[in-house]
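Dear colleague,

I am handing over the structure below, and my notes on it follow directly after. Please read them with the coordinates open beside you.

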Amino acid sequence: MTQLDLDTTALATAAVDLRSAASSLGDLSGGVLAAAATPDASGDTRLSAALQDVAAAWRTAHEALESELGSLGAGLAHAAEVFEGAERSTAQELAALLGGPRPEGVA
């Protein structure tokens with residue numbers, strides 16, 4: 001018989017971490033890179049132009065990575081909810097089958 005042992009809290013925590021990473025990446029492109037690319041911040045127009053080129057070249061990959069991290073976070077959050085619901089449902093069905101008291105926190 002196959003046994004599946006998942007830590008739904010770990011899944012939910014990983015989802016939050018991935019969403020946080022995606023948010024941090026979003027902040028980076030709009031904040032640090034944009035600010036560093038200004039001539040006033042870099043102090044040199046050639047350096048500023050180079051930083052703008054780096055930011056532009058990285059933008060597509062950056063946006064894709066940010067999107068993927070967000071999607072992974074959403075997927076893990078959904079998986080945690082589904083498996084938590086399955087555990088709850090299994091406990092309810094088993095309690096009903098055995099005629100015993102329902103587990104704590106289960107309707």
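**A nonpolar surface patch**

On the surface, L94, L97 and L98 together make up a nonpolar patch whose accessible area comes to about 360 Å². Of these residues, L98 has its place in helix α4, and L98 counts as exposed because its relative accessibility is 66%, where the cut-off for that class is over 50%. Please keep in mind throughout that this is a predicted model.

**Overall architecture**

The protein contains 4 helices and 0 strands, so that the pattern read along the sequence is simply α-α-α-α. Of its 107 residues, 15% count as buried.

**The salt bridge in helix α4**

How many salt bridges does a search of the whole structure find? The search returns 1 salt bridge, and it is the one that R88 forms with E84, with 3.8 Å between the closest N and O atoms. That pair qualifies because the separation of 3.8 Å falls within the 4 Å cut-off for a side-chain nitrogen and a carboxyl oxygen. As a general matter, side chains of opposite charge can pair when their charged atoms come close. Both R88 and E84 belong to helix α4, which spans residues 45-98, and they are 4 residues apart, or about one turn of the helix. As for their surroundings, R88 has a relative accessible area of 38% and is therefore partly exposed, while E84, at 32%, is likewise classed as partly exposed.

**The largest pocket**

For the largest pocket, the computed volume is about 190 Å³. Which residues line the largest pocket? The lining is made up of L4, D5 and L6 together with F83, A86, E87 and T90, and by residue class it divides into 4 nonpolar, 1 polar and 2 charged.

**Two pairs of positions separated along the chain**

Two further residues of helix α4 may be useful to you when you look at how parts of the chain are placed relative to one another. A74 lies in helix α4, and its C-alpha atom is separated by 9.5 Å from that of A12, although the two residues are 62 residues apart along the chain. With a relative accessibility of 33%, A74 counts as partly exposed, because this value lies between the 20% and 50% cut-offs.

E66 is also found in helix α4, and here the partner is S23, 43 residues apart from E66 along the chain, with 7.5 Å separating the two C-alpha atoms. Is E66 buried, exposed or partly exposed? At 25% relative accessibility E66 counts as partly exposed, since the buried class is reserved for values under 20%.

With best regards

Conventions. Residues are numbered from 1 along each chain as its sequence is written. This is a predicted model: local features need pLDDT of at least 70, side-chain atom pairs count only at pLDDT 80 or more; totals for chains, interfaces and linings use all residues. Side-chain values use heavy atoms; hydrogens and water are left out. Helices (H or I, at least four residues) and strands (E, at least two) are DSSP runs, numbered from the N terminus. Buried means under 20% relative accessible area, exposed over 50%, partly exposed in between (1.4 Å probe, protein chains only). Patches are made of residues with over 30% relative accessible area and no salt bridge: like charges are joined within 9 Å, nonpolar side chains (Val, Leu, Ile, Met, Phe, Trp, Tyr) within 5 Å. Accessible areas come from the Shrake-Rupley method with a 1.4 Å probe; for residues, only the protein chains shown count as cover. On a 1 Å grid over the protein atoms alone, a cavity is a set of points where a 1.4 Å probe fits but cannot get out, and a pocket is an open set with protein on both sides within 12 Å along at least five of seven lines; lining residues have an atom within 4 Å of a point. Grid points are joined across faces, edges and corners, and a volume is the space filled by probe spheres set on the points. Ala, Val, Leu, Ile, Met, Phe, Trp, Tyr, Cys and Pro count as nonpolar, Asp, Glu, Lys and Arg as charged, and the others, Gly among them, as polar.
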